[in-house]
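Colleague: I am new to this structure and would like a close look at a single part of it. Please take me through that part slowly.

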Amino acid sequence: MSDDQEYPWLDGTEDLFTPKGGCILNACLTYRRGAGFHAYAYGYRRSAEMLFESLRERHYSDPQYFALAFLWRQALELTLKYLHERLGQLELMEEHRTPSKKASASATTPPARTHDLRKLWASIEPRMQRFMPDAPEHGWIARVVEQFHRVDPGSEEFRYPVKAGTGTKSLTSLPDSVVSLSALDYSMRALMNTLEAAGDEVDRLFGKHVDELERAEQTKSDNAPAESTATTPPLPGTRR
């Protein structure tokens, strides 16, 4: 099957998950191993942005809104789960350095196996307020999360025309039958930028602890009494 074939047709040679020689459209997946939720969230976010950029050039039909909204919702869910993990690491680090500052129960539990955005944010918000008490964005984040949760509480409304459990029609909670692609794109970019900034601050605070620990270890090493070389046995395999 050639790359420029306008209407591809199955011919029995298809292989979905192997690289194609001489093609720049190969994706390296090894970088994300260990990156976890962050890499997945970025992939969905960037796909949503690229889809909107294409739609803005009038290359769209109305049903593509379902894909756009699902991409943004998935990016949001995974970003919240990533923040949950990073906050847990920060809490445990703080408790290690200051035992009186006990980490929350959430710090040692993995992100909830749920698609419920409201529950995910509820497990994150009080911990973010602890480390960023003066940030006014907490309420604004909650407002956008709540809007998405009301329309798609289980991450199936934009994926299927009917709900899996009940068979009832999807998206009945939308306030109107006409929606704005631009409003969704702008609001979600703003939300994701805000959440990413919060994640950067969590990383900064964690890095500050690491730096202070390293300085303390260096100071301890510098102040340790020097050992007499006359009584120190040589390392195995070395000569005096």
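Is Arg-86 buried or exposed, and what is its relative accessible area?

Modeller: Bearing in mind that this is a predicted model, Arg-86 is buried, because its relative accessible area of 15% falls under the 20% cut-off. Arg-86 belongs to helix H2, which covers residues 64-97, and, once its neighbours within four places in sequence are set aside, Arg-86 is in contact with Val-202, Asp-203 and Phe-206. With Asp-203 there is also a salt bridge between the side chains, at 2.7 Å from N to O. Since Asp-203 lies in helix H5 (residues 181-223) and Arg-86 in helix H2, the pair ties together parts that are 117 residues apart in sequence. Asp-203 itself is partly exposed, with a relative accessible area of 29%, whereas its partner Arg-86 is buried.

A further salt bridge concerns these helices, for the side chains of Arg-97 and Glu-212 meet at 2.4 Å, N to O. Here Arg-97 lies in helix H2 and Glu-212 in helix H5, so this pair ties together parts that are 115 residues apart in sequence. Glu-212 counts as partly exposed at 24% relative accessibility, and Arg-97 is likewise partly exposed, with a relative accessible area of 31%.

To place these pairs in their wider setting, the structure holds 18 salt bridges, and one of them joins Lys-163 to Glu-157, with the closest N and O atoms 3.6 Å apart. In that pair Lys-163 is partly exposed at 23% relative accessibility, while Glu-157, at 6%, is buried.

Note on methods
Residues numbered from 1 in each chain as written. Predicted model: local features only at pLDDT ≥ 70, side-chain atom pairs only at ≥ 80, totals over all residues. Heavy atoms only, no water. Helix = DSSP H or I, 4+ residues; strand = E, 2+ residues; numbered from the N terminus. Contact = heavy atoms within 4.5 Å. Salt bridge = Lys/Arg side-chain N within 4 Å of Asp/Glu carboxyl O. Buried < 20%, exposed > 50% of the residue type's maximum accessible area, 1.4 Å probe, protein only.
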